[in-house]
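Thanks, everyone, for making the time this morning. I would like to walk you through one model, beginning with a single residue and then working outwards before I return to a second residue.

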Amino acid sequence: VIVFVACGTTPTTKEELEEAGREAYLKEDYAKARDYLGRAVTLKSSERESLYYLGLSYQRIYMMDSALFYLKRADLLHPNDREINLSLYPIAAELKEWELAARAIMVLVTTGDPIEQYREKLADLNIKMGNFIVAFIHAKALLEMEPENPGRYYQMAMIAYKIDSLDFALNVIDQGIEKFGEDPGFMAQKGLVL
């Protein structure tokens, strides 16, 4: 890098382009980073670092579709990479790519994070995808973890209602009423289920 900067030449090899792109990214010159890293990806389309930093460069200038494209490509070529999936999750969630967001979270879980940290997000994402059985499993675990949170009873009852488990939904609502009193929300929810 020092040699080609000192000589005033522009980077041409894949390694030079990658290094110049990372340098530009770190200096927050995202246009230059995109240019160098884009050319590096053209020379070798499977290079993890180029794809990763190119995706991050697009994210920094709020071009989320392009950021998702390159990070998703990096993830496909380098599966179960924690760093890629940490960056991929928020972009996928923002762009309503629910399945991709859930898969990114599961990579974080398999690479060391406790699943309890993500149960609420996983329940929400699975509801959005229409996977009510999977959402039910996460909601049940959340209710067991936080029995003093009335929101967990609402959530569990509504998911049970969605999967046509009306008796279970009524049972959860009755547990909530018994624990927290005749809250108008619980009563409205019970009326809906009935």
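Let me start with G38, which is partly exposed, its relative accessible area being 22%; it gets that label, rather than buried, because buried is reserved for values under 20%. Please keep in mind throughout that what you see is a predicted model, so that each value I quote is computed from predicted coordinates. G38 sits in helix α3, which runs over residues 30-43. If we set aside the neighbours within four places in sequence, G38 is in contact with A33 and L54. There is also a C-alpha separation that I would like to mention, namely the 8.3 Å between G38 and L51, two residues that lie 13 apart along the chain.

Now to the chain as a whole. What is its secondary structure made of, in terms of helices and strands? The protein chain has twelve helices and zero strands, and so the pattern read along the sequence is simply α-α-α-α-α-α-α-α-α-α-α-α, given that helices and strands are what is being listed here.

As for overall dimensions, the C-alpha trace spans about 75 × 25 × 25 Å along its principal axes. The radius of gyration is 23 Å, whereas a compact globule of 194 residues would have one near 16 Å. Of those 194 residues, 42% count as buried, and the accessible surface comes to about 10,500 Å², with 53% of it belonging to carbon and sulfur atoms. On the contact side, if we take pairs of residues at least 6 apart in sequence, 43% of the contacts join residues at least 24 apart. For those of you thinking about electrostatics, the chain carries 22 positive and 30 negative charges, and the mean positions of the two sets are 4 Å apart.

Let me finish with the second residue, Q155, which belongs to helix α10, residues 150-162. Is Q155 buried or exposed? Q155 is buried, because its relative accessible area is 18%, and the cut-off for that label is under 20%. The side chain of Q155 makes a polar contact of 3.3 Å with the side chain of R152. Beyond the neighbours within four places in sequence, Q155 is in contact with A123, A139 and L142.

I am happy to go back to either residue in the discussion.

Notes
Residues numbered from 1 in each chain as written. Predicted model: local features only at pLDDT ≥ 70, side-chain atom pairs only at ≥ 80, totals over all residues. Heavy atoms only, no water. Helix = DSSP H or I, 4+ residues; strand = E, 2+ residues; numbered from the N terminus. Buried < 20%, exposed > 50% of the residue type's maximum accessible area, 1.4 Å probe, protein only. Polar contact = N/O pair within 3.5 Å; in protein donor to acceptor, adjacent residues only side chain to side chain. Contact = heavy atoms within 4.5 Å. Rg over C-alpha atoms; globule rule 2.2 N^0.38 Å. Areas by Shrake-Rupley, 256 points an atom, 1.4 Å probe, with all protein chains shown as cover. Lys, Arg positive; Asp, Glu negative; His and termini not counted. Charge placed at Lys NZ, Arg CZ, Asp CG, Glu CD.
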